[in-house]
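Biologist: I'm new to this one and would like to zoom in on a single part. Could you walk me through one helix and what it touches?

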Amino acid sequence: MQNKFHIAFTTLMVLSASAAAAQQGPAAAVDAFHAALKRGDSKAVTALLAPDALIFEAGHIERSAAEYAGGHLAGDAAHAAKTVTVPVARQCLITPAQAVIMSESTTTADGRADPRIGTETMVLTKLSEGWQIAHIHWSSRKLPTGAALPKRREIAADCN
């Protein structure tokens, strides 16, 4: 009985944290999504996605949060757990009902010296309960041998 209570309480706390991030703003919802992915928390990840979210990744498409949860989510979480991602730039277009968060980052896998440059676009919709991710598009490329990492640019003030 105590174990069931602990699981239910933990699930409630995770969903509450996701909901709190979604209420703070679209960039906070994106950051909460990445944090949940890095810790392998599929419930928190899917709580931040719209049920009909579209996820584009490596030429594939998943047409719902449930399809993503049953598809690439586990692999994305495993990848996020073993890599170090450093934000390079972020731009935001935010209206009262929708937001587009566009990011660039570098990602290096533990023990490897071949960083990748990643780009991400997330489209979010504002609902009464907060911001929900309606679309994700991820793309990455290997940094050419000997090339310098991109310099971090200041994050736009309208993203905070």
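Modeller: Here's a close look at helix α2 and the ring cluster it takes part in. Bear in mind that this is a predicted model; the average pLDDT is 85, and 80% of the residues score at least 70. Residues 5-15 are a weak patch, with pLDDT below 50 and five contacts beyond near neighbours in sequence.

Now the helix itself. α2 covers residues 26-38. Its 13 residues should span 18 Å at 1.5 Å a residue, and the end C-alpha atoms sit 19 Å apart, which agrees. Quite a few of its residues are buried, including P26, A29, V30 and L37. A35 is partly exposed, though, with a relative accessible area of 38%. From A35 to V45 the C-alpha distance is 8.7 Å, and they're 10 residues apart in sequence. Just after the helix, G40 takes a positive phi of about 75 degrees.

The fun bit is F33, which counts as buried because its relative accessibility is 0%. The model has two aromatic pairs, and one of them joins F33 and W138: it's tilted, 6.3 Å centre to centre with 35 degrees between the planes. F33 is in α2 and W138 is in strand β6 (residues 130-142), so this pair ties together parts 105 residues apart in sequence. W138 counts as buried too, at 16% relative accessibility. W138 also forms a tilted pair with Y68, at 6.4 Å and 45 degrees. That pair links β6 with helix α4 (residues 65-69), where Y68 sits, 70 residues away from W138. Put together, ring pairs link F33, Y68 and W138 into a cluster.

Terms used. Residues numbered from 1 in each chain as written. Predicted model: local features only at pLDDT ≥ 70, side-chain atom pairs only at ≥ 80, totals over all residues. Heavy atoms only, no water. pLDDT = per-residue confidence, 0-100. Contact = heavy atoms within 4.5 Å. Helix = DSSP H or I, 4+ residues; strand = E, 2+ residues; numbered from the N terminus. Buried < 20%, exposed > 50% of the residue type's maximum accessible area, 1.4 Å probe, protein only. Expected span 1.5 Å × (residues − 1). Phe/Tyr/Trp six-rings, centres within 6.5 Å; stacked < 30°, edge-to-face > 60°.
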